[in-house]
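I set out to record the burial pattern of a helix and the layout of a sheet. My entries follow the model below.

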Amino acid sequence: MIKMEKVTKVFKGDVVALRDVTIDIGKGEFVFLVGPSGSGKSTFIRLLNREDVPEHGRIFVAGRDIGRLSGWRVPYLRRNIGYVFQDYKLLQKKTVAENVAFALEVIGKGPQVINRQVPAILELVGLSRKMDRFPHELSGGEQQRVSIARAFVNRPLILLADEPTGNLDPTTSVGIMRLLGRINEIGTTVVMATHDSSVVDSMRQRVVELDRGMVVRDQARGVYE
Amino acid sequence: MFSFRYVLRETGQNLWRNILLAVATVVTVGVSLAMFGGFMLFQVAVDSATARWQDGVELIVWMNTDVGTDEDASVRNQLDESPGVERWEYVDRAQSYEEFKEFFEDTPEVLEIFTAEGVPPYFRVVPTDPDPDVVEELGSQFKGKPGVRTVTFAGDVIRDVQNLSNRAGRVLFIGSIILLGASTLLILNTLAVAIGNRRTEIEIMRLVGATKWFIRVPFMLEGLVQGLLGAVVAMTSNALLRNYVIDQFSDADGLQLLAGFKVDDSAMLQVNLLVVAIAVGVAVIGSNLAVAMHLNE
């Protein structure tokens, strides 16, 4: 599903964010990206979403070299990739249902699709009863569930999550990880950057450790350290 | 695929969120276009009032309505041979009657009295030297000639009106160009604020796969709406200017020159279309600059 071949990303001032990274992530895998701050986890995720392009190497998503994708095709790539933020990035003036519907509306889906898919995804994340609430009326965990619902409502092949439990307490984090686990069981490939060792240790999934831009560990059913 | 309802809703919300800035933009665009429209209307009105005296024509030789062929030929010969005449143009009875009808179109009672036979043909004469004394001397050579009814001169009033119109027109034109530049920048600024207010939305839109144009169109439409509302302000101003200023001049008694000081419907339509076209141009430039500078995908 995702393949990186000798990928190097350098930022201004010769800061090497990723160095010669080669990795292969299969369909339906759940992968944790771990490592200290500045190790390249966020860059890894940004490259998969074509928010950045590497200086060297090639990246394949669903068999397609995304480095060669012309600009107008990038939005269509992103429709196959859900994105979950650490700080949720919910629209405060929209209700839960409207926040989720927004993701469908801006890719041109009509009311019929929206009316069918939004309640279904809210049911999946356990927020059916709160679909008319505004984000400020929800707890942090509930807001992250809305963010996940928005990322997954279009049923993407891949879900990228950048520190999704970073702002949550341990108990709430467990609930979020269960939800991501269910999404993964449906067949979605999940790549999650995290600092949260308890989450990684409890899930026992594949762990890719980055350090100063290099892959220093790639372990099936691994732990944080 | 674009959702028409989505685009309209987002454009409306953008305008509403920045309502004060949007109003300021519409007023500025409106004032600058109103100045431009005013400049155009006064030019049209002055041109209408001084139509016979355009392009350096300093004197007109009016012929009798029943002028004979020999008399007509004699005046033509004299105009051809006179070293004081640079060029001349003959306006026959039919053309003269058309001009007459246009001149008095608002006063049908005058038109009822005259027929084509009652309107004289004339020669428009451009002298080699526009000095008033030389022109008067030239005109005196035609006065009293057989078939010549009278000779009229452009005179100081017409030249003063034309000069004043040119100068005032230049000031209005330059002023409106400066204001139109300001309007473009104001549209750019309003959209930059709108884009800033919706940064999170835009980021989400990009990441869930909205196309570049889907993100851009509501902002560009917002600029266009501001430009078009400005055009409506300017067209209202144009209508007021025409009905309550220019038409008042032409109704003034005793000033024959001002009788022709008017703007007909077709000229008014042309000015208004130009105003709308400029409004669209200003909006498109401002919007494009804004999205290019602040919506870098």
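In helix 1 of chain B, I found B:E10, B:T11, B:N14 and B:L15 buried (20 or more other C-beta atoms within 10 Å of the residue's own, C-beta atoms being placed from the backbone; exposed means 12 or fewer, and partly exposed lies in between). Seen down the axis of helix 1 of chain B, these buried residues fall within an arc of 135°, so they line one face of the helix; the arc is taken over directions from the helix axis to the C-beta atoms. The face turned away from that buried side carries the exposed residues B:R5, B:L8 and B:W16.

I note that the model is predicted: local features need pLDDT of at least 70 and side-chain atom pairs pLDDT 80 or more, while totals for chains, interfaces and linings use all residues. Residues are numbered from 1 along each chain as its sequence is written, and chains are lettered from A and ligands numbered from 1 in written order.

I then turned to chain A, where 6 strands form an open sheet of mixed pairing, in the order 6-7-8-3-9-10. Helices (H or I, at least four residues) and strands (E, at least two) are DSSP runs numbered from the N terminus; strands pair if DSSP finds at least two bridges between them. Strand 6 (81-84) and strand 10 (214-219) of chain A each have a single partner strand, so one side of each is left without a neighbour in the sheet.

Strand 6 of chain A runs parallel to strand 7 (residues 158-162) of chain A, joined by 4 bridges. I looked up A:G82 and found A:L159 as its bridge partner in strand 7 of chain A.
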